[in-house]
Amino acid sequence: MWVKSYNKTYENVSKSAIWQAWTDVNNWPAWDKGLKYCELKLPFIAGSQFILKPIEGPRVTITLSEVVTNKRFTDYCKFLGATMYDDHQLEETPQGLRITSTITVTGLLSFLWIKLVARNVADSVPKQMDALVDYVRSR
């Protein structure tokens, strides 16, 4: 199992505003410039699936495995011989709102998918997180 986590605390941004942006999957490309499109046709609840299409890369089917309103959600995608999970958390602290993203890869071929996908996804998290907060603040 491979795990990489990143968190940052932001002032002047609300938990509900971040949550609203997260649950508006079809508009993720408005703040994540690495995405060509996202398509969620079902409610943002555990078990729902959506399509995520990176600008550079194939379409990926993502499944929401856990959703706790205004607190966290976890999603995953399956690759041949591996599964990649992305856990997103919100925590109010005295310093501001702490946002945490943790990427985990499991499975026999995880070493391959870490090299091909997961490392790049994890490395993009800080930039995506800042872009999300900027997007929410500008609305």
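Here is a quick tour of the structure above, topic by topic.

This is a predicted model, where local features need pLDDT of at least 70, side-chain atom pairs count only at pLDDT 80 or more, and totals for chains, interfaces and linings use all residues. Residues are numbered from 1 along each chain as its sequence is written, and side-chain values use heavy atoms, with hydrogens and water left out. The main things to look for are a nonpolar core of 39 residues, six salt bridges and a nonpolar patch on the surface.

**The core**

- The largest nonpolar core has 39 residues (a core being a set of buried Ala, Val, Leu, Ile, Met, Phe, Trp, Tyr and Cys residues joined through side-chain atoms within 4.5 Å).
- Helix H2 supplies the largest share of this core, at ten residues; helices here are DSSP runs of H or I with at least four residues, strands are runs of E with at least two, and both are numbered from the N terminus.
- Inside the core, the residues with the most contacts are Ile18, Trp22, Trp28, Phe50 and Ile99.
- Take Ile99 as a sample: leaving aside neighbours within four places in sequence, its contacts (heavy atoms within 4.5 Å) include Ile18, Trp22, Met129 and Val133.
- Other residues that Ile99 contacts include Tyr6, Lys8 and Tyr10.

**Lys8 and its surroundings**

- Lys8 sits in strand S1.
- With a relative accessible area of 30%, Lys8 is partly exposed (buried means under 20%, exposed over 50%, partly exposed in between, using a 1.4 Å probe and protein chains only).
- Not counting residues up to four places away in sequence, Lys8 touches Leu97, Arg98, Ile99, Met129 and Asp130.
- Lys8 and Met129 are 121 residues apart along the chain, yet their C-alpha atoms are separated by 8.3 Å.

**Salt bridges**

- Side chains of opposite charge can pair when their charged atoms come close.
- The count of salt bridges comes to six (each a side-chain nitrogen of Lys or Arg within 4 Å of a carboxyl oxygen of Asp or Glu).
- One of them joins Lys4 and Asp123, at 3.0 Å from N to O.
- Lys4 is in strand S1 (residues 2–10) and Asp123 is in helix H2, so this pair ties together parts that are 119 residues apart in sequence.
- Both partners are partly exposed, with Lys4 at 36% relative accessibility and Asp123 at 48%.
- Asp87 and Arg72 also meet in a salt bridge, at 2.7 Å from N to O.
- That pair links distant parts of the chain, with Asp87 in strand S6 (residues 82–93) and Arg72 in strand S5 (residues 72–79), 15 residues apart.
- Asp87 is buried at 9% relative accessibility, whereas Arg72 is partly exposed at 25%.
- Glu66 comes in too: Glu66, Arg72 and Asp87 are linked in a network of salt bridges.
- Glu39 pairs with Lys41, and their closest N and O atoms are 3.2 Å apart.
- In that pair, Glu39 is partly exposed at 31%, while Lys41 is exposed at 69%.

**Cysteines**

- A disulfide is a covalent bond between the sulfur atoms of two cysteines.
- This structure holds zero disulfides (a disulfide being a pair of cysteine sulfur atoms within 2.5 Å).
- For Cys38, the closest cysteine sulfur is in Cys77, 12 Å away, which is too far for a bond.
- Both of these cysteines are buried, with Cys38 at 7% relative accessible area and Cys77 at 3%.

**Around the start of helix H2**

- Leu109 is in the loop between strand S7 (96–106) and helix H2.
- Leu109 is partly exposed, at 29% relative accessibility.
- Beyond its neighbours within four places in sequence, Leu109 is in contact with Leu80, Gly81 and Ala82.
- Leu109 and Phe44 are 65 residues apart along the chain, and their C-alpha atoms are separated by 29 Å.
- Phe111, Leu112 and Leu116 form a nonpolar patch on the surface, with about 300 Å² of accessible area together.
- Patches are made of residues with over 30% relative accessible area and no salt bridge, joining like charges within 9 Å and nonpolar side chains (Val, Leu, Ile, Met, Phe, Trp, Tyr) within 5 Å.
- Accessible areas come from the Shrake-Rupley method with a 1.4 Å probe, and for residues only the protein chains shown count as cover.
- Leu116, one of the patch residues, lies in helix H2 (residues 110–138) and is partly exposed at 48%.
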